[in-house]
Amino acid sequence: MMAWTASLRRTGACAKLAILIALCAATLFPIALTVTNAFMSEREISHHYGALADSGDTSADKDASAMPTKHVSIRWIPERATLEAFGDVLFNHAKFLTLFWNSVKLTAPIVLGQTVVGTLAAYAFAKLAWPGRDKLFFLYLLTMLMPFQVTLVPNYLVAQKLGMLPSYGAIIWPGVFAAFGVFLMRQFTAGILDVYLEAARIDGAGHFRSFVHIVLPLVKPGMTALMLLAFTDNWNMVEQPLLFIAEPFRQPLSIYLAQIAEGDQGVAFAASVLYMTPMVLLFLYGEDQFVEGIQRSGVKG
Amino acid sequence: MHRRKIALRWAIGVFFGSLLVLTFLSNTIQSLTLPKVAVETPDTGSLDLSVDAEGYLQPAYTAQLIPLGSWTVSEVKARKGDRVKKGDSIVTFDTTTTQRSLEDEQARRKQEQIRLEQLQDALKLLMRGDDQDAIERQKRDMESQQLSLDMEQRKVEELERQISDGQVLRAPTDGVVESLNVEAGANVSPGQPVGTIASDASGYQFVISASGDAGDALSIGDKVTVQVDGADAPQTQTAAGVRGKKALSGPDVRQLQGTISTIEEGGDGADSDAKRVTVDISGTDLSPGLKATAYIPRQSQSPGLKISTDALKSDDNGTYVFAVTDKEGPLGSSYFAEKAYVTTGEQTDDTVLILNGLGPDERVVTDASEPLSDGDRVRLE
């Protein structure tokens with residue numbers, strides 16, 4: 001009986017592992033494909049993915065008679081690995097660089113602002129006692145529960161009233177005061193034992209001193225987690241720039257990737273790799289603190 | 001763990017740093033590879049098809065000075081370029097040789113006269129007899145002798161006329177001595193001209209060349225304003241034939257009215273479509289070799305945009321120019337050359353009129369460092 005239970009547990013573990021591996025493969029598949037294909041030449045890419053570009057124009061395809069149905073052949077290994085596509089993106093597509101810095105200009109203020117606002121608001125919500133605190137926090141949470149597409153229209157109207165259209169301000173300010181940062185940081189700050197703050201108060205520290213010297217060092221993992229999540233969120237935004245920014249050359253990189261596939265496909269893979277590089281690097285940099293932060297706040301990633 | 005963090009920090013720094021450097025250099029990199037173009041902005045208005053060309057006056061009719069006999073020049077009374085009236089003496093000849101032959105002929109006439117008288121005397125003798133045949137014969141001899149006498153008479157008269165008419169060579173017409181190629185002591189022979197006189201009455205003409213649509217627009221009989229430099233006579237003497245105001249460019253410049261008399265294909269160059277246009281002008285005090293400037297004002301039929309002919313190109317679909325459009329960006333403006341098909345109007349050597357297909361504010365490529373195709377990014381010179 002014991003042996004049977006043990007073997008069942010082992011089988012279960014194996015099955016779990018298999019499922020996890022399968023899920024992991026499914027998640028990693030597009031990323032790995034993007035990275036390897038970024039090293040292919042333009043010619044090779046258009047050969048394999050030509051069918052995507054034709055979009056139903058049968059007369060244009062000379063191979064149509066040879067192939068019964070057009071299909072995309074997925075290739076993992078480049079016939080001749082080359083950095084041609086990267087060079088093409090960086091040297092010949094000045095737009096890529098422009099839009100890259102647009103993304104930075106949009107994302108950096110949001111990430112920094114959201115962290116500052118979130119940390120300060122979290123201290124107020126978690127560690128200060130004032131009337132209506134929990135009700136207000138609940139209201140704040142409600143805005144987070146709604147998908148942001150729902151708030152996009154009111155967002156637009158407010159931005160218009162404030163005369164911020166079209167500008168980065170219309171995207172940055174709502175991002176800075178997003179509810180998610182406040183919520184995440186409140187969870188963290190609530191985890192700090194009150195005795196620390198009481199001890200500080202007894203020693204004569206004011207709110208500012210307690211915040212800077214006690215709360216901030218303790219919520220550092222949370223701040224890292226918030227920064228990474230906010231960065232990912234805003235680096236990838238598509239809807240807001242489409243709505244709030246008129247000029248094509250002021251759009252962020254996320255929009256560029258949507259446009260690039262029309263013309264040169266070889267460039268698309270290389271641009272994608274470059275596009276996700278800052279995210280990957282920043283994640284790896286803050287990885288341990290991020291994991292700790294997510295675990296302690298009880299928020300799933 | 002710590003070393004990994006440092007490595008990652010470096011990676012992030014290098015990534016953003018290299019993108020910053022590339023951004024900083026992006027315009028430089030691009031300008032190294034982009035074709036360089038020269039542009040111009042078209043002028044709005046009508047194309048000036050005026051012809052403004054120079055020529056030198058030539059007489060329309062030249063009279064030749066021909067001596068009547070083989071004589072020696074004794075005196076040349078006029079010089080090249082002199083203005084002469086009809087009948088003025090130009091060259092006088094030493095007619096001694098003709099004088100001598102005249103005397104010979106006169107003597108011969110006398111001889112014929114005497115022979116005729118002898119025949120008359122002989123006839124009188126014959127008339128006393130009645131040899132009718134001999135009388136008849138004698139009469140015919142007399143008739144023949146009379147003819148010889150007449151011939152001799154005419155020779156004498158001819159020589160006399162030669163001497164009286166030919167001793168002084170006179171101007172056949174009012175005009176200017178255009179050439180005179182004898183001097184005192186030179187021998188001349190009859191029929192060989194010794195000089196020419198440009199006739200005033202026939203007027204003058206000069207040839208200009210007009211190219212392109214400006215040339216096409218001309219027609220025979222068109223009136224032309226002609227400016228003549230350095231006329232011999234002072235301004236006050238200009239009268240008939242002189243119209244228009246005096247030109248401001250100097251006291252020696254006059255404005256005359258001319259008429260186009262002929263238009264011929266073929267200008268100076270083999271490849272040019274220029275036309276040779278002859279303009280007649282008349283007026284007093286003109287002389288050969290004066291510089292004349294013809295000005296034929298003419299505007300294109302409809303106004304349009306004037307661009308350099310260098311900008312005009314053509315392909316199977318028609319005539320086009322490359323118009324430069326710019327797109328604003330935070331990295332500065334970028335320029336693109338785009339094909340614009342145009343309708344052209346009149347054209348001169350260096351300017352062409354665009355009637356359609358181009359805006360007045362567009363910049364047009366006149367020269368490119370390498371061949372362009374539609375949509376190419378370019379840099380401006």
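What follows is a walk through a predicted model of two chains, A and B.

Let's start with how far to trust it. The model scores ipTM 0.74 and pTM 0.54. For chain B, the mean pLDDT is 79, and 90% of the residues get to 70 or more. Within that chain, confidence peaks in helix α2 (residues 96-128) of chain B, at a mean of 88, and bottoms out in helix α4 (residues 212-216) of chain B, at 70. One stretch deserves a warning: over residues 232-250 of chain B, pLDDT stays under 50. The model still has 30 contacts beyond four places in sequence for that stretch. Where pLDDT is low, the predicted coordinates should not be read in detail.

Now for the general build. Chain A has 15 helices and zero strands, and 30% of its 301 residues count as buried. Take the contacts in chain A with a separation of 6 or more: residues 24 or more positions apart account for 80% of them. Chain B comes with four helices and 24 strands. Of its 381 residues, 24% count as buried. For contacts in chain B between residues at least 6 apart in sequence, 75% join residues at least 24 apart.

How do the chains meet? On the A side, 14 residues are in contact with 15 residues of chain B. Three elements of chain A give two or more residues each to that side: α3 (84-92), α4 (94-127) and α14 (265-285). The largest share comes from α14(A), with six residues. Sort the side of chain A that touches chain B by class and you get twelve nonpolar residues, two polar ones and no charged ones.

Helix α3(A) is worth a second look, since buried residues turn up there too: A:Ala85, A:Val89 and A:Leu90. Which side of the helix are they on? They sit on the same side of α3(A), because they cover an arc of only 120° around the axis. The general geometry helps here: an α-helix has 3.6 residues a turn, so residues three or four places apart point the same way.

Over to the strands of chain B. One open sheet has three strands in the order β6-β8-β9 (chain B), with antiparallel pairing. Its edges are β6 (72-76) and β9 (168-170) of chain B; each has a single partner strand, so one side of each is left without a neighbour in the sheet. From one strand to the next, the twist averages 30°. To get your bearings, follow β6(B) along strand β8 (residues 89-94) of chain B: the two pair in the antiparallel sense over four bridges, and B:Glu75 stands opposite B:Thr92 in β8(B).

On the other edge, B:Val168 belongs to strand β9 of chain B. Is B:Val168 buried or partly exposed? It counts as partly exposed, because it has 17 C-beta neighbours inside 10 Å, and being buried takes 20 or more. Setting aside neighbours within four places in sequence, B:Val168 is in contact with B:Ser89 and B:Thr92. So B:Thr92 turns up twice, opposite B:Glu75 and in contact with B:Val168. B:Val168 and B:Leu68 are 100 residues apart in sequence, yet their C-alpha atoms are 10.0 Å apart in space.

Another open sheet in chain B has four strands, in the order β5-β11-β10-β7 (chain B), again with antiparallel pairing. Here the edge strands are β5 (62-65) and β7 (83-84) of chain B, each pairing on one side only. At the β7 end, β7(B) and strand β10 (residues 175-180) of chain B are antiparallel and share two bridges. There, B:Arg83 stands opposite B:Val176 in β10(B).

Last stop: strand β12 (residues 204-210) of chain B. Five of its seven residues are buried, so β12(B) is largely enclosed by the rest of the structure. Which strands pair with it? One is strand β4 (residues 58-59) of chain B, which runs antiparallel to β12(B) and is joined to it by two bridges; B:Pro59 has B:Tyr204 as its bridge partner. Another is strand β15 (residues 275-281) of chain B, which pairs with β12(B) in the antiparallel sense over seven bridges. Along that pairing, the bridge partner of B:Val207 is B:Thr278 in β15(B).

Methods. Residues numbered from 1 in each chain as written. Chains lettered and ligands numbered in written order. Predicted model: local features only at pLDDT ≥ 70, side-chain atom pairs only at ≥ 80, totals over all residues. Buried ≥ 20, exposed ≤ 12 C-beta atoms within 10 Å, placed from the backbone. Contact = placed C-beta atoms within 7 Å. Pairing = 2+ DSSP bridges. Axes fitted to C-alpha atoms, helices over the stretch in contact; angles between N-to-C directions. Nonpolar A, V, L, I, M, F, W, Y, C, P; charged D, E, K, R; others polar. pLDDT = per-residue confidence, 0-100. Arc of directions from axis to C-beta.
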